[in-house]
Amino acid sequence: MIRAVLFDLDNTLIDRDGALRAFAPRSVWALDASGRGDRAALFAAWQGMTQELLAAQLAAHLRPDPRLHRFLREIPKRALVTNGGGSTQRAKLRATGLDAIFGTHIYISGELGVEKPDPAIFRLACARLQERPEACLYVGDYPPEDERGARAAGLRFALATRPLA
């Protein structure tokens, strides 16, 4: 029985790639079309871009989705487990209102020093929800990180084929 659901952020709950394409010239976002490209190459191609500027631009192109909020609020035990820098991910969470939905159950690799697919980040989220990993489901879009890490930690996995919002 599934008692808690954990979610990825980028391209699972929000359309991060769509937000990137909305403001970045094609020559820049094409370098990172998978969302997992070389960040140094991305910043080098876009002179003057910093992690803080990227966070602000992404956040400016994201909006809250009331339908997604209602759906998530129906899940009594939920958490967010995402890779990325704390400032970037938190800016996106604030812009979409998801920070309020997940509250203290937000686990960002850049803040914790461990990233997917390391099972430790999944186990931490389960422990803080006071659930065994086998009673948790993880929803993500990128199997090499999301599925591999979730299953290694003992969670079930569901593939998000497109962003929910």
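This is a short dialogue on reading the sheet, the helices packed on it and some salt bridges in a predicted model.

Colleague: Start with the sheet. What is the strand order, and how do the strands pair?

Modeller: Strands of a sheet pair through backbone hydrogen bonds, either parallel or antiparallel. Here the sheet is open and has five strands. The order is 3-2-1-4-5, and the pairing is parallel.

Colleague: Which strands stand at the edges?

Modeller: Strand 3 (106-108) and strand 5 (156-159). Each has a single partner strand, so one side of each is left without a neighbour in the sheet. From one strand to the next, the twist averages 20°.

Colleague: How many bridges join strand 4 to strand 5?

Modeller: Four, and the two strands run parallel. Strand 4 covers residues 136-140. To find the register, look at G140, which stands opposite L159 in strand 5.

Colleague: Now the helices. Where does helix 6 pack?

Modeller: On the sheet, where helix 6 touches strand 2 (78-82) and strand 3. The direction of helix 6 makes about 145° with that of strand 3. Burial adds to the picture: G86, T88, Q89, A91, K92, L93 and T96 are buried in helix 6. Just after this helix, G97 takes a positive phi of about 75°.

Colleague: And helix 10? Which strands does helix 10 lie across?

Modeller: Strand 4 and strand 5. Helix 10 runs at about 165° to strand 5.

Colleague: On to charges. How many salt bridges does the structure hold?

Modeller: Eleven. Read each one by asking where its two residues sit. Take a pair within one helix to begin with. An α-helix has 3.6 residues a turn, so residues three or four places apart point the same way. R151 and E147 are four residues apart in helix 10 (residues 146-153), so about one helical turn separates them. Their side chains meet in a salt bridge at 2.9 Å, N to O. R151 is partly exposed, at 47% relative accessible area. E147 is also partly exposed, at 25%.

Colleague: What does the salt bridge between R90 and E111 tie together?

Modeller: The closest N and O atoms of R90 and E111 are 2.8 Å apart. R90 lies in helix 6 (residues 86-96) and E111 in helix 8 (residues 109-112), so the pair ties together parts that are 21 residues apart in sequence. R90 is partly exposed, with a relative accessible area of 29%. E111 counts as partly exposed too, at 41%.

Colleague: Which residues are linked in a network of salt bridges?

Modeller: D10, R16, D17 and K92. K92 also appears among the buried residues of helix 6.

Colleague: Last, a loop residue. Is D65 buried or exposed?

Modeller: Buried. The cut-off for that is under 20% relative accessible area. D65 has 11%, so D65 counts as buried. This residue lies in the loop between helix 4 (51-60) and helix 5 (66-73).

Colleague: Which residues does D65 touch, not counting those up to four places away in sequence?

Modeller: T96, L164 and A165. T96 is itself one of the buried residues of helix 6.

Colleague: What links D65 to R67?

Modeller: A salt bridge between their side chains, at 3.5 Å, N to O. There is a backbone link as well. The backbone nitrogen of R67 lies 3.0 Å from a polar atom of the D65 side chain. The burial of the two partners differs: D65 is buried, whereas R67 is exposed, with a relative accessible area of 59%.

Methods:
Residues are numbered from 1 along each chain as its sequence is written. This is a predicted model: local features need pLDDT of at least 70, side-chain atom pairs count only at pLDDT 80 or more; totals for chains, interfaces and linings use all residues. Side-chain values use heavy atoms; hydrogens and water are left out. Buried means under 20% relative accessible area, exposed over 50%, partly exposed in between (1.4 Å probe, protein chains only). A polar contact is a pair of N or O atoms within 3.5 Å; within protein, one must be able to donate a hydrogen and the other to accept it, and residues adjacent in sequence count only if both atoms are side-chain atoms. Contact means heavy atoms within 4.5 Å. A salt bridge is a side-chain nitrogen of Lys or Arg within 4 Å of a carboxyl oxygen of Asp or Glu. Two strands pair if DSSP finds at least two bridges between them. Axes are lines fitted to C-alpha atoms, for helices over the stretch in contact, and angles run from 0 to 180 degrees between N-to-C directions.
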